[in-house]
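Look at the model below and follow the text from the whole chain down to single residues. Keep the numbering of the residues at hand while reading.

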Amino acid sequence: QVQLVESGGGLVQAGGSLRLSCAASGRTSRSYVMGWFRQAPGKEREFVAAIRWSGGNTYYADSMKGRFTISRDNAKSTVYLQMNSLKPEDTAVYHCAAGTSYSVVPTSYNYWGQGTQVTVSS
């Protein structure tokens with residue numbers, strides 16, 4: 001089993017920044033891909049970004065490129081999502097996920113965190 005715990009969410013004004021963290025523990029593997037997804041009320045879960053533990057290759061949803069940056073700290077088994085120039089439409093619960101291969105499809109990921117709320121006010 002892999003446990004994922006997100007933190008760093010909160011309330012921010014439009015144009016502001018937040019950095020989310022996802023701490024992984026348990027049977028983690030450097031072959032895993034770590035993803036960030038978000039889900040707004042009444043909407044489906046949406047891919048945000050992903051990173052490979054090994055090699056650090058990164059992937060982004062087109063709408064997040066240039067504003068969001070995913071990174072990892074192998075020593076701390078933690079993945080980060082730096083979010084800049086936030087917009088009200090970025091308001092959602094942000095979830096961290098771990099899977100064995102890169103995908104934008106949520107069901108491809110095996111483990112999920114409980115999520116952290118991000119609210120962007122206008």
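A strand is here a DSSP run of E with at least two residues, and strands are numbered from the N terminus. The model is a predicted one. With this in mind, one residue can be placed: S21 belongs to strand β3, which covers residues 18-26.

Is S21 buried or exposed? The cut-off for buried is under 20% relative accessible area. S21 has 16% relative accessibility, so S21 counts as buried. Leaving aside residues up to four places away in sequence, S21 touches V5, E6, S7, W36, T78, V79 and Y80.

Now take the whole chain. The protein has 11 strands and 0 helices. Read from the N terminus, the order of elements is therefore a run of β alone: β-β-β-β-β-β-β-β-β-β-β. The radius of gyration of the protein is 13 Å, close to the 14 Å given by the globule rule for 122 residues, so the protein is as compact as a globular protein of that length. The C-alpha trace spans about 40 × 30 × 25 Å along its principal axes.

How much of the protein is buried? Buried residues make up 43% of the 122 residues. The contacts tell how the chain is folded back on itself. Of those between residues at least 6 apart in sequence, 55% join residues at least 24 apart. The accessible surface comes to about 6,000 Å², and 46% of this surface belongs to carbon and sulfur atoms. As for charge, the protein has 12 positive and 7 negative charges, and the mean positions of the two groups are 8 Å apart.

The next topic is the aromatic rings. A pair of aromatic rings is described by the distance of the centres and the angle of the planes. In the whole structure, a search finds 7 aromatic pairs. One of the pairs is formed by F37 and F47, with 5.6 Å from centre to centre and 70° between the planes, an edge-to-face arrangement. This pair links distant parts of the chain, since F37 is in strand β4 (residues 33-39) and F47 is in strand β5 (residues 46-52), 10 residues apart. F47 has a relative accessible area of 7% and is buried. F37 also counts as buried, because its relative accessibility is 0%.

F37 has a further partner, Y109. The ring centres of F37 and Y109 are 5.2 Å apart and the planes stand at 75°, so this pair is edge-to-face. F37 lies in strand β4, while Y109 lies in the loop between β9 (92-99) and β10 (111-112), so the pair ties together parts that are 72 residues apart in sequence. Both F37 and Y109 are buried. Which residues form the aromatic cluster? The cluster consists of F37, F47, Y59, Y102, Y109 and W112.

Last come two details of the backbone. Most residues other than glycine have a negative phi. S77 has a positive phi, near 50°, and is not a glycine. The place of S77 is the loop between β7 (68-73) and β8 (78-83). With a relative accessible area of 16%, S77 is buried. S85 likewise is not a glycine and has a positive phi of about 50°. S85 sits in the loop between β8 and β9. The relative accessible area of S85 is 42%, so S85 is partly exposed.

Definitions and conventions: Residues are numbered from 1 along each chain as its sequence is written. This is a predicted model: local features need pLDDT of at least 70, side-chain atom pairs count only at pLDDT 80 or more; totals for chains, interfaces and linings use all residues. Side-chain values use heavy atoms; hydrogens and water are left out. Helices (H or I, at least four residues) and strands (E, at least two) are DSSP runs, numbered from the N terminus. The radius of gyration is taken over C-alpha atoms; the globule rule is 2.2 Å times the number of residues to the power 0.38. Buried means under 20% relative accessible area, exposed over 50%, partly exposed in between (1.4 Å probe, protein chains only). Contact means heavy atoms within 4.5 Å. Accessible areas come from the Shrake-Rupley method with a 1.4 Å probe; for residues, only the protein chains shown count as cover. Lys and Arg count as positive and Asp and Glu as negative; His and the chain ends are not counted. The place of a charge is taken as NZ of Lys, CZ of Arg, CG of Asp or CD of Glu. Rings of Phe, Tyr and Trp (its six-membered ring) pair if their centres lie within 6.5 Å; planes under 30 degrees apart count as stacked, over 60 as edge-to-face and the rest as tilted.
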